[in-house]
Amino acid sequence: MKLRGIDGGQVVSCLPMDSTAVRKYSRNVSQTRWIIDDERMGEASVEELIGSNILPLCQGDNYKFHAAGREDIDVRMLGSGRPFLVEIQNARHVPSEVSIKEIERKINSLENKLVRVKNVKVLDSQGWNLMHEGEAEKQKQYAALVWISRPLEDDDLKTLSSLKDMLILQRTPIRVLHRRSPLEREKIIQWYEISS
């Protein structure tokens with residue numbers, strides 16, 4: 001195990017970008033604590049479910065949760081999951097590999113089954129660098145169900161399949177207007193598949 005400063009500094013406990021991540025199974029869990037006008041949004045947060053279990057193990061003062069991207073509260077994160085770091089502030093204990101595995105089991109066996117983690121490790125600042133590299137290169141992938149008022153014809157499919165690197169304008173979603181400016185942001189649809 002590698003550490004980033006145990007002498008009153010910080011221990012970074014993380015999932016390396018290449019093999020591990022957190023999966024979120026609930027549509028009522030935010031990524032981080034989300035409170036608006038003193039009212040909690042959702043039943044829990046990924047940040048709290050993971051961080052509150054790791055913090056006592058490291059005997060730190062606090063934790064910060066960092067993830068390679070995020071999804072809305074009502075969206076699950078399945079598949080290979082999302083890489084993340086839990087930064088323990090002022091850690092006074094370096095957890096053993098055995099105790100890290102025990103925390104992983106504890107998180108994965110929480111009664112409400114809201115999140116699961118795998119391959120939790122303690123890393124140095126290299127994990128932080130990997131996280132930033134992943135953010136710079138990120139692409140999002142969506143699945144959408146679309147209804148149209150008439151049956152699709154072969155010409156429709158040919159026209160749609162000829163569109164490449166389609167530039168669209170995305171308005172700031174209503175759910176985040178309380179914290180982001182109402183702008184139109186350019187996005188590029190790099191590829192898509194159509195099936196009927």
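**Exercise 1. Get an overview of the fold: find how many helices and strands the protein has.**

Solution. Let's start with a count: the protein has 4 helices and 13 strands. Keep in mind that you're looking at a predicted model. Next comes burial: out of 196 residues, 33% count as buried. Now for the surface, where about 13100 Å² is exposed, with carbon and sulfur atoms supplying 50% of that. Last step, contacts: take the ones between residues at least 6 apart in sequence, and 67% of them join residues at least 24 apart.

**Exercise 2. Decide whether N108 is buried, partly exposed or exposed, and list what N108 touches.**

Solution. First, place the residue: N108 sits in helix α2, which covers residues 97-108. Second, check its relative accessible area, which is 10%. Buried means under 20%, so N108 is buried, given its 10%. Third, look for its partners. Leaving out residues up to four places away in sequence, N108 touches K113, V115, R116 and V117.

**Exercise 3. Locate R70, work out how exposed R70 is, and name the patch it belongs to.**

Solution. Step one: R70 is found in the loop between β7 (62-67) and β8 (77-82). Step two: its relative accessible area is 45%. Exposed needs over 50%, and buried needs under 20%. With 45%, R70 therefore comes out as partly exposed. Step three: look at the company it keeps. R70 gathers with K140, R179, R180 and K187 in a patch of positive charge on the surface. A patch residue needs over 30% relative accessible area, and R70 has 45%.

How values were computed: Residues are numbered from 1 along each chain as its sequence is written. This is a predicted model: local features need pLDDT of at least 70, side-chain atom pairs count only at pLDDT 80 or more; totals for chains, interfaces and linings use all residues. Side-chain values use heavy atoms; hydrogens and water are left out. Patches are made of residues with over 30% relative accessible area and no salt bridge: like charges are joined within 9 Å, nonpolar side chains (Val, Leu, Ile, Met, Phe, Trp, Tyr) within 5 Å. Accessible areas come from the Shrake-Rupley method with a 1.4 Å probe; for residues, only the protein chains shown count as cover. A salt bridge is a side-chain nitrogen of Lys or Arg within 4 Å of a carboxyl oxygen of Asp or Glu. Lys and Arg count as positive and Asp and Glu as negative; His and the chain ends are not counted. The place of a charge is taken as NZ of Lys, CZ of Arg, CG of Asp or CD of Glu. Helices (H or I, at least four residues) and strands (E, at least two) are DSSP runs, numbered from the N terminus. Buried means under 20% relative accessible area, exposed over 50%, partly exposed in between (1.4 Å probe, protein chains only). Contact means heavy atoms within 4.5 Å.
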